[in-house]
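Please work through the exercises below with the sequence and the model at hand. Each task is followed by a solution in steps.

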Amino acid sequence: MVEDDATLRRALKRLLEVAGYSCREAAGVAAAIAEITRAQPDLLVVDHHLLDGDGLALLRTLRERRVRVPSVMLTGHASVDLAVEAMKLGAAEFLQKPVAPERL
């Protein structure tokens, strides 16, 4: 879970853990890359706006490093262009905040 808003990050993490998933968290691009380097996740849920960049930069970096991680992009500022770019960089899903728990 890569989300700069600590309250939302913890809430989404709890939601996923209650559903039976283990979840690690990061607040930004650098922390996410460090976590992914330690142990590649099965899925990456990433916010678009982050403390030290954005979710597209993270997806781009992973693609350049040939790290294949299915991802879901979350954003409170959705646009068609952003969704298309996220999908081009490998996002399997694009969700707008606030996201319904069952949708996530």
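The exercises treat the sheet and then the helix contacts.

The model is predicted, with local features requiring pLDDT of at least 70 and side-chain atom pairs pLDDT 80 or more, while totals for chains, interfaces and linings use all residues. Residues are numbered from 1 along each chain as its sequence is written, and side-chain values use heavy atoms, without hydrogens and water.

**Exercise 1. Determine the strand order of the sheet and identify its edges.**

Step 1. Helices (H or I, at least four residues) and strands (E, at least two) are taken as DSSP runs, numbered from the N terminus. Two strands pair if DSSP finds at least two bridges between them.

Step 2. β1 and β4 run parallel and are joined by 4 bridges; L44 stands opposite S71 in β4.

Step 3. β4 (residues 71–75) and β5 (residues 91–96) also run parallel, with 5 bridges between them. Here S71 has A91 of β5 as its bridge partner.

Step 4. The result is an open sheet of 3 strands in the order β1-β4-β5, with parallel pairing. β1 (44–47) and β5 each have a single partner strand and stand at the edges, so one side of each lacks a neighbour in the sheet. From one strand to the next, the twist averages 20°.

**Exercise 2. State the handedness of the unit formed by β4, α4 and β5.**

Step 1. A crossover is right-handed if, with the strands pointing away from the viewer, the path from the first strand over the helix to the second runs clockwise.

Step 2. β4, α4 and β5 form a β-α-β unit that is right-handed.

**Exercise 3. Describe how α3 packs against α4 and against α2.**

Step 1. Axes are lines fitted to C-alpha atoms, for helices over the stretch in contact, and angles run from 0 to 180 degrees between N-to-C directions.

Step 2. The axes of α3 (residues 55–64) and α4 (residues 80–88) cross at roughly 20° and come within 9 Å. The two helices are therefore roughly parallel (angles under 35 degrees).

Step 3. In contact (heavy atoms within 4.5 Å), L56, L59, R60 and R63 of α3 meet L82, E85, A86 and K88 of α4. This contact of α3 with α4 comprises 4 nonpolar, no polar and 4 charged residues. Ala, Val, Leu, Ile, Met, Phe, Trp, Tyr, Cys and Pro count as nonpolar, Asp, Glu, Lys and Arg as charged, and the others, Gly among them, as polar.

Step 4. α2 (residues 29–38) packs on α3 at about 35°, with the axes 10 Å apart. V29, A32, I33 and I36 of α2 meet L58, T61 and L62 of α3; this contact has 6 nonpolar, 1 polar and no charged residues.

Note on methods
Angles under 35 degrees count as roughly parallel, over 145 as roughly antiparallel, 65 to 115 as roughly perpendicular and the rest as oblique.
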